[in-house]
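Here is a short briefing to read beside the structure. It starts with one backbone detail, then moves to the interface and the helices.

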Amino acid sequence: MRGIPTVLITVGPEASRQMRPPRAIYPKGFKIGNSLGRPGMRDLQKKVLRDALVMLTEPAHPGEIIEREYPEYAA
Amino acid sequence: MTTIHRKCVPFTPLDRGLAKCTVALVSAGGVHEKDQEPFNIADELGDLTFRIIGGDAVFSDLMVTHHHYDHSDADRDINVIFPLDILRELASEGFIGGVAKEHVGYMGYTMQLRQMYEQTAPAIAVQIDKKSKADVVVLTGG
């Protein structure tokens, strides 16, 4: 196996950081159980997933967790 | 509980654009199909098994068995932890190449961390590589 590119969406950045994931995004302030947003927030969920996928194509920071702000989550 | 530290990061570069990639989901959020055996929440050591979820599964096919986080939001909209519907949308828009035929759910709680790391995780990787034939994987927790 040559390896599979992965990206992690985490809402527990402290725990995830210990495993030093190759690519990871933390939607800031999202609670456990809301990795992509709240129920029915389809636009937000899609934005988070798209941002995670785009990380696969960008210069990487292996082992780091990239924090992103999504103000609409709190609204 | 065993603590596992990773010295190096297992990084695999992506060798093509997203529009040419088949994407699979691997979730630690305890997602499985309703007709599959639920994860064993009675065993305090956790459950080291995983379930294969069909790429055409819809909300009413899926459920969550996990006793270490509040999954009431996922019970209302599974996309909050397992965004299969959204992957299908992104595929129909051409943002990604396609949705893998098989995805993976497991219960990301264990007191047997070493077995999870050395046995379950490699078995999931083989599943993704040989069966799902996904080019990339999106990992989610709860």
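B:Lys133 sits in the loop between α3 (113-132) and β7 of chain B. The model is predicted. It scores ipTM 0.96 and pTM 0.94. Chain B has a mean pLDDT of 94, and 96% of its residues reach 70 or more.

**Positive phi angles**

- Most residues other than glycine have a negative phi.
- B:Lys133 has a positive phi, near 55°, and is not a glycine.
- B:Lys133 is partly exposed, because 13 other C-beta atoms lie within 10 Å, and a count of 12 or fewer would make a residue exposed.
- A:Arg20 also is not a glycine and has a positive phi, about 45°.
- A:Arg20 lies in the loop between α1 (13-17) and β2 of chain A.
- A:Arg20 is partly exposed, because it has 18 other C-beta atoms within 10 Å, and a buried residue needs 20 or more.
- B:Gly94 follows α2(B) and has a positive phi, near 85°.

**Where the chains meet**

- In chain B, 35 residues are in contact with 34 residues of chain A.
- On the side of chain B that touches chain A, α1 (72-76), α2, α3 and β7 of chain B each give two or more residues.
- β7(B) gives the most to that side, with 5 residues.
- The residues of that side divide into 21 nonpolar, 7 polar and 7 charged.
- β1(A) and β7(B) run parallel and are joined by 4 bridges.
- A:Ile9 stands opposite B:Thr140 in β7(B).

**Helix α2 of chain A**

- This helix covers residues 42-55, which is 14 residues.
- At 1.5 Å a residue it should span 20 Å, and its end C-alpha atoms are 20 Å apart, so the two agree.
- Its buried residues include A:Leu44, A:Val48, A:Leu49, A:Ala52, A:Leu53 and A:Met55.
- A:Gln45 and A:Lys46 are buried as well.
- The cover over these buried residues includes β1 (6-9), β2 (24-27) and β3 (66-68) of chain A.
- Chain B adds to that cover with α2 (84-92) and β7 (136-140).

**Helix α2 of chain B**

- The buried residues here are B:Leu84, B:Ile86, B:Leu87 and B:Leu90.
- Seen down the axis of α2(B), they fall within an arc of 155°, so they line one face of the helix.
- An α-helix has 3.6 residues a turn, so residues three or four places apart point the same way.
- The cover over the buried residues of α2(B) includes β1 (22-27), β5 (98-99) and β6 (102-106) of chain B.
- α2 of chain A is also part of that cover.

Technical notes: Residues are numbered from 1 along each chain as its sequence is written. Chains are lettered from A and ligands numbered from 1 in the order in which they are written. This is a predicted model: local features need pLDDT of at least 70, side-chain atom pairs count only at pLDDT 80 or more; totals for chains, interfaces and linings use all residues. The expected span of a helix is 1.5 Å times one less than its number of residues. Two residues are in contact if their C-beta atoms, placed from the backbone, lie within 7 Å. The arc is that of the directions from the helix axis to the C-beta atoms. pLDDT is the predictor's confidence in each residue, from 0 to 100. Ala, Val, Leu, Ile, Met, Phe, Trp, Tyr, Cys and Pro count as nonpolar, Asp, Glu, Lys and Arg as charged, and the others, Gly among them, as polar. Two strands pair if DSSP finds at least two bridges between them.
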